[in-house]
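Hello,

Here is the structure I promised to pass on to you. Have a look at it first, and then read on for what turned up when I went through it.

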Amino acid sequence: MGRPLICAELGANHNGSLERALHIIDAAARAGAGAVKFQTWSAGTMVLDREARAPSGPWAGRLLYELYEEAYTPWEWHPTLYAAVRSHRMIPFSSVFDLESIAFLETLDCPMYKIASFEIEDLRLIRAAAKTGKPMVMSTGIANRPMWKHAAGTALLHGCKDITLLHCISDYPASAEKMALGDMKAMMGEFVTSPMADTIGRVGLSDHSLSYHAAMVATALGATMIEKHLTLKRSDGGLDAAFSIEPPELEKMKWAINLTYDSIHGERLPSTSNHYKRSLYWRDDYPVGTLVSDDML
């Protein structure tokens with residue numbers, strides 16, 4: 001495995017502007033991201049009750065339908081967004097939430113699909129994504145072990161041959177003391193080395209914290225993907241701004257991830273600086289054939 005794939009999550013940070021979304025893609029490329037992820041859904045397929053409200057979290061009390069409408073990435077933007085990502089030689093892909101979004105993204109040759117943790121029990125959705133034969137990414141934020149194992153097993157059973165599970169804490173933002181990254185190591189032992197992942201199984205991190213320290217630890221533990229929400233400036237506001245990082249922070253995170261990876265995976269070679277190594281010297285000149293003793297050295 002090489003260095004982790006750094007994925008910039010656009011989410012709702014476009015703030016309703018295609019131009020802003022394109023600027024974020026450009027910024028992700030300059031900062032060194034290898035992929036950009038979108039969310040492909042529409043408000044009408046996400047919530048039926050127009051009066052339902054978010055019970056907790058950063059959007060507590062807001063009408064869910066209004067939240068989804070505000071966060072919505074218009075489907076007519078997708079061809080332009082995917083083309084922009086590809087123009088920077090990055091990978092575009094989406095979180096999907098219904099069968100219609102998968103069918104639509106197949107027309108754009110979406111190279112892989114993500115299942116959000118809130119959809120991890122939607123086995124019909126998982127089967128449909130798996131049947132495309134594309135790699136899949138699954139977030140485990142609200143999923144317990146039986147849930148993510150069932151989801152991953154379903155994907156592998158229905159044709160997915162390449163799956164990445166993302167350790168995730170579904171707090172927005174997530175604090176360092178709640179990251180529980182040791183569980184990512186346990187997940188790796190249970191999934192990557194299990195018969196269930198007898199094709200290609202990987203583990204990564206979907207990180208909602210505002211620093212890069214969790215990403216460094218995850219890299220040290222063997223993460224192959226690090227996903228972070230990216231915005232131009234948190235002060236610009238927006239639904240995802242509070243738990244998004246800015247381009248200079250993404251660039252610094254990539255540097256820290258690469259440094260961590262290289263410090264672990266670099267080949268250990270003996271030092272070539274032998275200037276201070278002790279050596280043996282003759283105290284005087286001695287004729288050939290003299291029996292050597294300590295006091296002669």
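Where is the place of Ala12? Ala12 sits in the loop between S1 and helix H1 (18-31). Before going further with that loop, please keep in mind that this is a predicted model.

**How confident the prediction is**

The protein has a mean pLDDT of 88, and 92% of its residues reach 70 or more. Among the elements, the highest mean pLDDT, 98, belongs to helix H4 (residues 78-87), and the lowest, 74, to helix H2 (residues 43-46). As a general caution, predicted coordinates should not be read in detail where pLDDT is low.

**The loop between S1 and H1**

Back to Ala12. Its relative accessibility is 4%, so Ala12 counts as buried. Setting aside neighbours within four places in sequence, Ala12 is in contact with Ala71, Leu239 and Asp240. If you would like a distance to check in your viewer, try Ala12 to Asp26: the two are 14 residues apart in sequence, and their C-alpha atoms are 16 Å apart in space.

Asn15 is also placed in the loop between S1 and H1. Asn15 is partly exposed, with a relative accessible area of 33%. Its backbone deserves a look, as phi of Asn15 is near 50°, a positive value in a residue other than glycine. Most residues other than glycine have a negative phi. Ala180 also has a positive phi, of about 50°, although it is not a glycine. You will find Ala180 in the loop between S6 and helix H8 (182-191), and with a relative accessible area of 43% Ala180 is partly exposed.

**Nonpolar cores and a surface patch**

In soluble globular proteins, nonpolar side chains tend to be buried together. Here the largest nonpolar core has 72 residues, and Met136, Met138 and Met253 have the most contacts inside it. Helix H7 (residues 145-157) gives the largest share of this core, six residues. A second, separate core has seven residues, among them Ala12, Trp41, Leu67 and Ala71. That brings back Ala12 and Ala71, which are in contact with each other.

To see the surroundings of one core residue, you could centre the view on Met136. Not counting residues up to four places away in sequence, Met136 touches Tyr113, Ile115, Ile126, Ala129, Ala130, Ala155, Cys160, Asp162, Ile163 and Thr164. Asp162 will come up again below.

On the surface, Leu280, Trp282, Tyr286, Val292 and Leu297 make a nonpolar patch of about 520 Å². Of these, Val292 lies in the segment after helix H10 (247-265). Val292 has 46% relative accessibility and therefore counts as partly exposed.

**Salt bridges**

How many salt bridges are there? The count comes to 10, and here are some you may like to inspect.

- Lys37 and Glu9: their side chains meet in a salt bridge, with 2.5 Å from N to O. The pair links distant parts of the chain, since Lys37 is in strand S2 (residues 35-40) and Glu9 in strand S1 (residues 5-9), 28 residues apart. Are these two buried or exposed? Lys37 is buried, with a relative accessible area of 1%, and Glu9 counts as buried at 2% relative accessibility.

- Asp162 and Arg202: the closest N and O atoms of this salt bridge are 2.7 Å apart. This pair too links distant parts of the chain, with Asp162 in strand S6 (residues 162-168) and Arg202 in strand S7 (residues 200-207), 40 residues apart. Asp162 has a relative accessible area of 18%, so it is buried, the cut-off being under 20%. Asp162 is also one of the residues that Met136 touches.

- Lys134 and Asp109: here the closest N and O atoms are 3.8 Å apart. Lys134 is in the loop between helix H6 (123-131) and strand S5 (136-139), and Asp109 in the loop between helix H5 (99-106) and strand S4 (113-115), so that the pair links distant parts of the chain, 25 residues apart. Lys134 counts as buried at 15% relative accessibility, whereas Asp109 counts as partly exposed at 49%. Both belong to a network of salt bridges that links Glu106, Asp109 and Lys134.

Happy browsing, and best wishes

Conventions. Residues numbered from 1 in each chain as written. Predicted model: local features only at pLDDT ≥ 70, side-chain atom pairs only at ≥ 80, totals over all residues. Heavy atoms only, no water. pLDDT = per-residue confidence, 0-100. Helix = DSSP H or I, 4+ residues; strand = E, 2+ residues; numbered from the N terminus. Core = buried A, V, L, I, M, F, W, Y, C linked by side-chain atoms within 4.5 Å. Buried < 20%, exposed > 50% of the residue type's maximum accessible area, 1.4 Å probe, protein only. Contact = heavy atoms within 4.5 Å. Patch = residues over 30% accessible without salt bridge, like charges linked within 9 Å, V, L, I, M, F, W, Y side chains within 5 Å. Areas by Shrake-Rupley, 256 points an atom, 1.4 Å probe, with all protein chains shown as cover. Salt bridge = Lys/Arg side-chain N within 4 Å of Asp/Glu carboxyl O.
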